[in-house]
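Welcome, and please open your viewer. We will move from one selection to the next and look at what is there.

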Amino acid sequence: MKKSSKKNTKVNFFIVGAPKCGTTTLHNALSKHPSFDFGRTKEPHCFTSDIKLKGNVTLKDFEQGYSFNNCEKTIFGDASVMHLYSQEAAKNIYNYNDKSKIMVMIRDPVSFIQSYHHEQIYNGNETVLDLTNAWRLSLDRKMQKKVPSSCPDGKLLNYKEVALFDVQINRYLELFGPENILLCTLDELKNSPRELYLKVLRFVGADDDGQTVFPSLASAKAYDNKANEFLVRILTNNNFQKVFRFFKKMIGLNRKLGFVKKFRKKHTVSGNKMDVPPSLRNQILLHYRDSYDAALSLLNDLGGECPESADNEI
């Protein structure tokens, strides 16, 4: 992706997920690089046509967020982390730009499910605070049953499929080929952030800008008090959003106000994830063991760095 006489006019680099695997830290670092443009929104989720999300954008709005005419920018990136879980995103991205570079980040299934469940609570999608009970409800949620009104799609709460990393990675491999896939782990980012950063730059053909500090971002979050948490749940409720969008249309207001985003940022503090009971830990490990082993095999085939002590033993 070096500079050429023909200017690129499409997004050509996708960090497709998984969520809670270091993608925000990586996105933050790459956004500071002079050759990268990640658009106005970190996670527009333009290509997740099979999953309803809060804030999916149209292709027109998606492309309008980028400065394609900026001669200094050669890598136009997207970091929508549910593109990995989506069954249709890989095909949609390929149809949009079959020359795209794809990056995937994963972690062991137990810590992933623990962090992912906590994030769904924070986002207002999940109301079942006990992870064991939430795990048991996965099939119901997949069938759009027992889904909280604040959650746009029960698929987001299907904890028994969201970490099938081997299946998800293979969707991209079959379309883009191994030469256009970079597969890494959260452990690699934690243990060797500078080396991983350089690996990404080599992958997309960008020069080293000398960054050496990579602060960890998007750790476990919570609200500063229950009242503010309750208010966010109301403001993000699907029914409230429908009424609000109708009201905006009636008064001719087309732009996003960003009130909820600003409110959440102001009242967010560090939170503690709930412990995973040993019995549930074993259930998760048994459920995902074959899938995670296959994902690590793909990681090895693609020249990635396997975790030294993955939490994948019962």
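Start by selecting β4 and strand β5 (residues 181–185): the two pair in the parallel sense over 5 bridges. Strands here are DSSP runs of E with at least two residues, helices are runs of H or I with at least four residues, and both are numbered from the N terminus. Two strands pair if DSSP finds at least two bridges between them. For one such contact, pick isoleucine 106, whose bridge partner in β5 is threonine 185.

A word on what you are viewing: this is a predicted model, where local features need pLDDT of at least 70, side-chain atom pairs count only at pLDDT 80 or more, and totals for chains, interfaces and linings use all residues. Residues are numbered from 1 along each chain as its sequence is written, and side-chain values use heavy atoms, with hydrogens and water left out.

Now stay on β4 (residues 101–106). Is the strand enclosed or open? Because 6 of its 6 residues are buried, β4 is largely enclosed by the rest of the structure. Buried means under 20% relative accessible area, exposed over 50%, and partly exposed in between (1.4 Å probe, protein chains only). In a regular strand the side chains alternate between the two faces of the sheet. Select Lys101, Met103 and Met105 for one side of β4, then Ile102, Val104 and Ile106 for the other; all are buried.

Next, add β1, which runs parallel to β4 and is joined to it by 4 bridges. Phenylalanine 14 has isoleucine 102 of β4 as its bridge partner.

Keep phenylalanine 14 selected and add phenylalanine 47: they form an edge-to-face aromatic pair, 5.8 Å centre to centre with 75 degrees between the planes. Rings of Phe, Tyr and Trp (its six-membered ring) pair if their centres lie within 6.5 Å; planes under 30 degrees apart count as stacked, over 60 as edge-to-face and the rest as tilted. Phenylalanine 14 lies in strand β1 (residues 13–17) and phenylalanine 47 in the loop between β2 (36–37) and α2 (59–64), so the pair ties together parts 33 residues apart in sequence.

To widen the view, select Phe14, Phe47, Phe62, Tyr66, Phe68, Phe76 and Tyr96, a cluster linked by ring pairs. Then show lysine 10, whose charged end sits over the ring of tyrosine 96, 5.1 Å from its centre. That wording requires NZ of Lys or CZ of Arg within 6 Å of the ring centre and within 35 degrees of the ring normal.
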